[in-house]
Amino acid sequence: FIQMLRSAKKRDVLQLLRRVPQEMLPFIVEAAVAAQSVPSLAALSDFLDFSKEPTSLLEKFLYAAAFSPWPSGELLRLVLDKLDGKQLAPEVWETGLVAMGSLVGKLCRQRLCGLQQEVERGVETILGGLRGDKEEAEVVIYLLALGNAALPETIPILLDHAEEGPAAVATAAISALQRFPTRHISSKVKRAMRRIFHEQRKSYDKTCRLAAAEILLDNKPSPMDIINILLATNELETETAMFLLLKVQNILRANHHPARWIMKDIMRDPRINNYNFFSKAGISSSFSGPLTVTQDLVSTFGLDLLFLEGGLLRKSVSDFSLLSHGHRLHAAQVTIEAQGMESMLGENILEGEEAPELMARMSAIFFDVQLRPVVFFQGYTDLMAKVLLSSGEPTSVVKGNLLLMDHHQVIPLQSGLQVTIQLQGSLGLDIAANMDVSIWEQELKTSINTRGSLTIDFQAELDAPFFQATTRSQTEVETSIHFDTMLRFSGSPVLMCLQLREEQVPYR
């Protein structure tokens, strides 16, 4: 369909968008974005009215742009023009910002920063938004957009928000810094992460401290950093200390981790590697292990569960990553956070800590693109309204078809003939999440349902005056993964059940 649209005129694409049945319209919009021809983008510009179209269709357009493997300056200009100076629904504005960050980052990696006016305009839109007096929730979205862009020159801005911002802002800034490759995690960044982890200037939320420790551990750590993090576990709460120690043990087990050998040297010291350090009896856990290992590729699955001292789940992160020749791709990372539940259940807040606002949300990264976070509830009133008016229907996080690979190459052979290679890969994705709180039963259930199908189309063609040869291969794979958690807090300790279900994977 994309190949057909690339040879179509603007008039034909526009006619298609206007006449197609309503249920087919999202697919046509996604295909027109993926085609990225001048006529298809011009047709989308005329067709999409951001003041009238349903938000679901506008989000589809923006996500299709964000996941584009080789975006053009024209595509970024179209997104900027559609977002500029308009009164938009909050979810469209947020999706637009994270999509803008992704497009800016990809265009800069094509070395188009400074060469294209649209890129400068996109960067200035995000940075200009951060300069004004914005609400906390708005600042978080701008920081997530900066994380998608991953521009080295924005690191000082992220560090400033990480150290000085309130808890939600600091968490967003540190998660954006985690997106940068090791070469950009300079000594200045590491000094800031040490100040956050060791709370040298002020106290920080435990999730901020743990994220700062992860940046130090994952980016060529010095032996002293590792030792100081291990020593700090004696002063931390049991659950936080348990989580950190498991992170260290994961590094020791991971053959592909760059810090493994430094860690092994440190573990030879009996003052560090002893029962006193590694005998913490918490229920938090951190696990990571390989799914596939080949000469060129390592794919890993990780699951982090951070609990509060009373046994409630504070944060869960499930992560699928691909590592190849020093490069890391976040294929999928889903984070669920809940805070403030302990005050609702009458548990004591630690001395010196503010009671956090009651809130539960989910955020996801797919193929290195941070999506708009989904808030299940914020505040006690919102929770009660959703408990009483809950439809039981899951919340859609992302649903659609994305072009992930789009490669065209001509290879001259020694014989003088030429081979033309075309490779396209697309992903159909449907991710839904649900959180159900029962005050009467004193239960909390969360479920994340991920369904995906990947199609790869490869063609190599040798075209000579006297003969023609073509090799073509098509690959299709479908998968479905369900991750459910259930908490029962009617008694102490809190009971918890985790279930990860994977359906059969058809492969053709």
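# Helix packing and domain contacts

Biologist: Helices α11 and α13 are roughly parallel to each other; at what angle do they pack?

Modeller: The model is predicted. Helix α11 covers residues 167-177 and helix α13 covers residues 206-218, and their axes are 9 Å apart. Angles under 35 degrees count as roughly parallel. The description therefore fits this pair, whose packing angle is about 15°.

Biologist: What is the handedness of the crossing of α11 and α13, and how do the residues of their contact divide into nonpolar, polar and charged?

Modeller: The crossing of these two helices is left-handed. From α11 the contact takes Ala167, Ala170, Thr171, Ile174 and Leu177, while α13 provides Thr207, Cys208, Ala211, Ala212 and Ile215. By class, the contact of α11 with α13 holds eight nonpolar, two polar and no charged residues.

Biologist: Why are α3 and α4 described as oblique to each other?

Modeller: Helix α3 spans residues 25-35 and helix α4 spans residues 38-47, with axes that come within 8 Å. Angles from 65 to 115 degrees count as roughly perpendicular and those over 145 as roughly antiparallel. The pair is therefore oblique, for its axes cross at roughly 135°.

Biologist: Which residues of α4 are met by α3?

Modeller: α3 passes α4 in a left-handed crossing. On the α3 side, the contact is formed by Leu25, Val29, Ala32, Val33 and Ala35. The residues of this contact of α3 with α4 divide into seven nonpolar, one polar and no charged. The partners in α4 are Ser40, Leu44 and Phe47.

Biologist: How many charged residues are there in the contact of α6 with α8?

Modeller: The axes of helix α6 (residues 73-83) and helix α8 (residues 117-131) come within 9 Å and cross at roughly 40°, and the two helices are therefore oblique to each other. Their crossing is left-handed. Gly73, Leu76, Arg77, Leu80 and Asp81 in α6 meet Glu118, Val119, Arg121, Gly122 and Thr125 in α8. In this contact of α6 with α8, three residues are nonpolar, three are polar, and the number of charged ones is four.

Biologist: What distance separates the C-alpha atoms of Arg195 and Ala212?

Modeller: Arg195 lies in helix α12, residues 187-197. Leaving aside residues up to four places away in sequence, Arg195 touches Glu163, Gln200, Arg201 and Tyr204. Along the chain, Arg195 and Ala212 are 17 residues apart, and their C-alpha atoms are separated by 9.0 Å.

Biologist: Which three residues supply 50% of the area that domain 2 buries against domain 3?

Modeller: The chain is divided into domain 1 (150-220), domain 2 (221-280), domain 3 (283-389) and domain 4 (401-502). The contact of domain 2 with domain 3 takes 10 residues from domain 2 and 17 residues from domain 3. About 1100 Å² is buried between these two domains, with carbon and sulfur atoms giving 52% of that area. On the domain 2 side, the three residues that supply 50%, more than any other three, are Glu239, Phe243 and His256.

How values were computed: Residues numbered from 1 in each chain as written. Predicted model: local features only at pLDDT ≥ 70, side-chain atom pairs only at ≥ 80, totals over all residues. Heavy atoms only, no water. Axes fitted to C-alpha atoms, helices over the stretch in contact; angles between N-to-C directions. Helix = DSSP H or I, 4+ residues; strand = E, 2+ residues; numbered from the N terminus. Left-handed = near helix turned anticlockwise from the far one by under 90°. Contact = heavy atoms within 4.5 Å. Nonpolar A, V, L, I, M, F, W, Y, C, P; charged D, E, K, R; others polar. Domains from an automatic or database assignment. Buried area = accessible area lost by both parts, 1.4 Å probe.
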